[in-house]
Amino acid sequence: MDEKDIEIIKELGFEEITSKQMSNEYWKERAAKALAITTQDREVYGCLDHSRGEGVKIYDIEGREYLDVTGGVAVRALGLRYPPYLEFENRINDVVRELPGMDFDAIPQTLLAERLGDIAPGDHKKRVVFTTSGGRAVEGCLKSAMDLSGRTRFVGFRPAFHGRTGYALALTASNHKHKNGYPQGIDVIRVSYPYCYRCPYGQQVESCNVECVEALQYALQVEGTDIAATVMEPLCGEGGLIVPPPKAVQGMYDVTKEHGAYFISDEVQAGMGRTGKWFAIEHHDVVPDYISMAKALGGGYPMGASIGPAPMFTGGSRHSETFSAEPKMSLLSLWILKQIEDGDYLKKNAEKGEYLLKRLEEVKENNEVVGDVRGMGLMVGIELVKDKKSKEKAPKLRDRVIKNAVQKQGLWILGSGQNCLRLTPSYIITEDELDSAVDKIEKAIKDSA
Ligand SMILES: Cc1ncc(COP(=O)(O)O)c(C=O)c1O
């Protein structure tokens with residue numbers, strides 16, 4: 001932060017801010033006393049400088065540079081302060097942005113809804129509800145499925161992450177801390193996520209008869225078939241970056257349909273072209289009834305969408321959200337969608353993802369504690385284990401690797417699940433930067449193992 005940025009804070013009435021206070025420890029201590037909670041460990045991460053950052057480079061307030069492979073947890077498709085984005089944002093700065101997009105009509109949200117309907121798989125008639133978060137995008141789908149089906153039960157997976165509030169929290173199962181002590185607002189029949197590296201049914205990929213799909217059939221037989229929908233991440237993000245085999249996803253879809261229910265693909269993290277297709281479910285050749293999306297859709301602004309089958313709700317006022325799809329945000333989302341298309345990012349993400357996985361396979365070969373590497377496009381995970389044979393999960397090692405990567409290697413990286421590292425970089429990341437990220441990860445693993 002330079003004098004100009006400090007001046008802005010002073011103008012807001014915080015006279016005491018001095019450049020001498022620009023230390024991570026000082027601001028982390030202050031944050032701990034003011035903020036109720038942070039999801040990541042302050043022991044690991046520095047205090048980010050909100051006035052600096054370009055592309056995949058972010059900085060803490062002591063001026064330390066980091067290579068960011070989180071992409072703002074899959075938010076920043078085009079990286080930080082992408083110049084053409086800033087230019088476009090400046091051009092639309094004086095639109096009347098304070099129009100509630102789901103209460104009254106205006107052109108931007110209609111165009112955005114049409115565009116999302118077009119890129120979402122399937123030729124069926126679709127409708128869109130806009131939201132301000134991923135969890136609410138999931139909730140929009142859940143409420144619609146209940147409204148249209150007249151049923152209130154859902155199939156969910158373990159692990160799974162769909163949000164931390166209301167109905168979405170009830171579908172979530174990735175960390176007991178999210179759920180302990182909170183009443184679950186909806187009835188969920190839970191089955192295991194198709195997780196081939198640790199098949200819960202003891203199967204090997206070669207001999208698998210999709211026992212996970214059989215388990216869903218059995219669960220419905222014994223728990224009840226009156227389900228409104230099955231809710232599935234087409235690529236499990238927060239729960240451990242798990243790539244399910246297409247035949248398992250197709251099987252889950254077929255069983256869902258046998259019971260007259262809807263299939264919801266939660267693409268909050270994996271959607272918007274990240275995996276090399278607009279929506280990750282397309283890799284599985286399944287046309288879902290619903291898609292929830294957010295994160296990269298807003299390019300840093302809180303923007304989400306629930307896409308569902310027409311009419312989606314049985315009547316007006318059945319669902320809405322005050323701040324959703326304001327004109328400026330809708331125009332920005334349209335711009336990002338066009339950039340992803342014009343810049344051929346679906347193809348580029350697929351290619352870069354392949355390259356990244358190839359490099360990580362080498363890391364796996366050379367390191368006994370790397371049990372598995374997997375992903376689709378620019379959504380990639382590394383599973384750390386005690387050793388390859390036992391596959392025993394190594395959560396403490398994972399935490400040490402993250403700490404080392406951030407503090408010693410200057411790599412801004414997140415974990416996922418109990419023992420995995422997660423890479424969801426911005427689409428503008430170069431092969432050289434991916435190489436650098438892989439080298440830093442390997443160094444952090446070697447230092448920590
Ligand atoms: C698949 C998925 N669904 C839902 C959510 C919740 O999104 P939000 O935090 O914007 O509510 C997330 C967040 O990481 C996610 O990854």
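Just after helix H6, Gly150 takes a positive phi of about 70°, and this residue offers a convenient place from which to enter what is a predicted model. The helix that precedes Gly150 covers residues 134-149, and its 16 residues should span 22 Å at 1.5 Å a residue, which agrees with the 23 Å that separate its end C-alpha atoms. Of these 16 residues 12 are buried, so H6 is largely enclosed by the rest of the structure. The buried residues include Gly134, Gly135 and Arg136, as well as Glu139 and Lys143, while Val138, Cys141 and Leu142 are also among them.

From this helix one can step back to the division of the chain as a whole. The protein chain is split into domain 1, made of residues 3-81 together with 345-448, and domain 2, made of residues 107-342. The C-alpha centres of the two domains are 26 Å apart, and where the domains meet, 28 residues of domain 1 are in contact with 28 residues of domain 2. On the side of domain 1 that touches domain 2, the elements that give two or more residues are helix H12 (345-366), strand E10 (370-376), strand E11 (379-384) and strand E14 (420-423). The residues on that side of domain 1 comprise 12 that are nonpolar, 10 that are polar and 6 that are charged.

Two of the elements just named, E10 and E11, can be followed in more detail. These strands pair in the antiparallel sense over 6 bridges, and within that pairing Gly375 stands opposite Val380 of E11. Together E10 and E11 form a hairpin with 2 residues between them, and in its turn Gly377 has a positive phi of about 55°. Strand E10 is mostly covered, since 6 of its 7 residues are buried.

The loop between H12 and E10 contains Asn367, which has 17 C-beta neighbours inside 10 Å and therefore counts as partly exposed. Computed along the sequence, Asn367 and Tyr59 are 308 residues apart, and in space their C-alpha atoms are separated by 30 Å.

Tyr59 also belongs to the surroundings of another loop residue, Asp49, which is found between helix H2 (24-34) and strand E1. Leaving aside residues up to four places away in sequence, Asp49 touches Met1, Tyr59, Asp60 and Ile61. Because Asp49 has 18 C-beta neighbours inside 10 Å, this residue counts as partly exposed. The C-alpha atoms of Asp49 and Val96 are separated by 30 Å, with their positions 47 residues apart along the chain.Strand E1 leads on to an open sheet of 3 strands, arranged in the order E1-E2-E12 with mixed pairing. Strand E1 (57-59) and strand E12 (411-412) stand at the edges, each with a single partner strand, so one side of each is left without a neighbour in the sheet. Strand E2, which covers residues 65-68, is joined to E12 by 2 bridges, and these two strands run parallel. Within this pairing, Asp68 has Trp412 of E12 as its bridge partner. Helix H14, formed by residues 431-448, packs on the sheet and touches both E2 and E12, with its direction making about 105° with that of E2.

Conventions. Residues numbered from 1 in each chain as written. Predicted model: local features only at pLDDT ≥ 70, side-chain atom pairs only at ≥ 80, totals over all residues. Domains from an automatic or database assignment. Contact = placed C-beta atoms within 7 Å. Helix = DSSP H or I, 4+ residues; strand = E, 2+ residues; numbered from the N terminus. Nonpolar A, V, L, I, M, F, W, Y, C, P; charged D, E, K, R; others polar. Pairing = 2+ DSSP bridges. Axes fitted to C-alpha atoms, helices over the stretch in contact; angles between N-to-C directions. Expected span 1.5 Å × (residues − 1). Buried ≥ 20, exposed ≤ 12 C-beta atoms within 10 Å, placed from the backbone.
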